[in-house]
Structure formats: structure tokens, C-alpha cells
Amino acid sequence: VGAALPVDVLTYEEKTLSAILRVISSGLVKLWSALTLMGFYQNRRCAFRVLQASPFLLALSGNSRDLVL
């Protein structure tokens, strides 16, 4: 409330309740803080877990730890 931050939802999977969000680098801390402080949505408890963060969208397409050479 009181500030706006443009955030794009690039993908959302209803099955796993996971999403890929895009925000400008200067807004990352604000977004992360907002997700951390949000404990309820529509009178239901909620929590967010950040699995990956990257300045490069392509880096989010795969996991280098799963890479088989």
C-alpha cells in the first residue's frame, strides 16, 4: 500500500502452485520483502518460498545441478 512496483507473472502452474515472476533489479528487494511479510490472502494463511533468483531469464529454465554431461 502506498507504492507500486511493476511485477510480471510469466508463468503460473495451478497444480504445483508455483510461478515465475519478473521484476526490475531495483525492485527485487521490495518484492522479496512484500512476499516475506504477507501472511494472509483472502483470510487464508499463505507463505512463499523463493526457489531461484537470477538476473537472466534463461538461467531459470533449467537446473545446472541436474545437468548430465
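## A salt bridge between two strands

Let's start with Asp8 and Arg22, whose side chains meet in a salt bridge, with 2.9 Å from N to O. Asp8 sits in strand β1 (residues 7-13) and Arg22 in strand β2 (residues 18-23), so this pair ties together parts of the chain that are 14 residues apart in sequence. Keep in mind that what you're looking at is a predicted model.

How many salt bridges does the structure hold? Just one, so the link between β1 and β2 made by Asp8 and Arg22 is the one to look for. As for how open the two partners are, Asp8 counts as partly exposed, at 36% relative accessibility. Arg22 is partly exposed too, with a relative accessible area of 43%.

## The overall layout

Now step back to the whole chain. Its secondary structure comes to one helix and four strands. Read from the N terminus, the elements go β-β-α-β-β.

There are 69 residues in the chain, and buried ones make up 3% of them. The accessible surface is about 6800 Å², and carbon and sulfur atoms hold 59% of that area. What about contacts between parts that are far apart in sequence? If you take the contacts with a separation of 6 or more, 13% of them are between residues 24 or more positions apart.

## A nonpolar patch on the surface

Back to the start of the chain, where there's a nonpolar patch to find on the surface. Which residues make this patch? Val7, Val9, Tyr12, Leu17 and Leu21 do, and together they give a nonpolar surface patch of about 460 Å². Strand β1 gives the most to the patch, with three residues.

Val9 is one of the patch residues, and its place is in β1. With a relative accessible area of 54%, Val9 is exposed. Leu17, another member of the patch, isn't in a strand: you'll find Leu17 in the loop between β1 and β2. Leu17 counts as exposed as well, at 62% relative accessibility.

## Two loop residues with positive phi

Leu17 has something else to show you. Its phi is near 55 degrees, which is a positive value in a residue other than glycine.

Further along, Gln42 is a residue with a positive phi as well, near 50 degrees, and it isn't a glycine either. Where does Gln42 sit? Look in the loop between β3 (40-41) and β4 (44-45). Is Gln42 buried or exposed? At 63% relative accessibility, Gln42 counts as exposed.

## A closer look at strand β2

Two residues of β2 are worth a stop. Ser18 is in this strand, and at 28% relative accessibility Ser18 counts as partly exposed. The side chains of Ser18 and Thr16 are joined by a polar contact of 2.7 Å. What does Ser18 touch once its neighbours within four places in sequence are left aside? The answer is Thr11, Tyr12 and Glu13. You've met Tyr12 already, as part of the nonpolar patch. For a view across the chain, try Ser18 and Leu51: they're 33 residues apart along the chain, and 9.6 Å separates their C-alpha atoms.

Ile20 lies in β2 as well. At 29% relative accessibility, Ile20 counts as partly exposed. Ile20 and Leu10 are ten residues apart in sequence, yet in space they're 5.4 Å apart, C-alpha to C-alpha.

## What the UniProt record says

Finally, there's an annotation to compare with the model. In an unreviewed entry, UniProt places the feature "transmembrane region" at residues 20-41. In the model, the chain over residues 20-41 is 45% helix and 27% strand. The C-alpha atoms at the two ends of this stretch are 19 Å apart.

Note on methods. Residues numbered from 1 in each chain as written. Predicted model: local features only at pLDDT ≥ 70, side-chain atom pairs only at ≥ 80, totals over all residues. Heavy atoms only, no water. UniProt positions renumbered as here; feature names shortened; annotations may be inferred. Salt bridge = Lys/Arg side-chain N within 4 Å of Asp/Glu carboxyl O. Buried < 20%, exposed > 50% of the residue type's maximum accessible area, 1.4 Å probe, protein only. Patch = residues over 30% accessible without salt bridge, like charges linked within 9 Å, V, L, I, M, F, W, Y side chains within 5 Å. Areas by Shrake-Rupley, 256 points an atom, 1.4 Å probe, with all protein chains shown as cover. Contact = heavy atoms within 4.5 Å. Polar contact = N/O pair within 3.5 Å; in protein donor to acceptor, adjacent residues only side chain to side chain.
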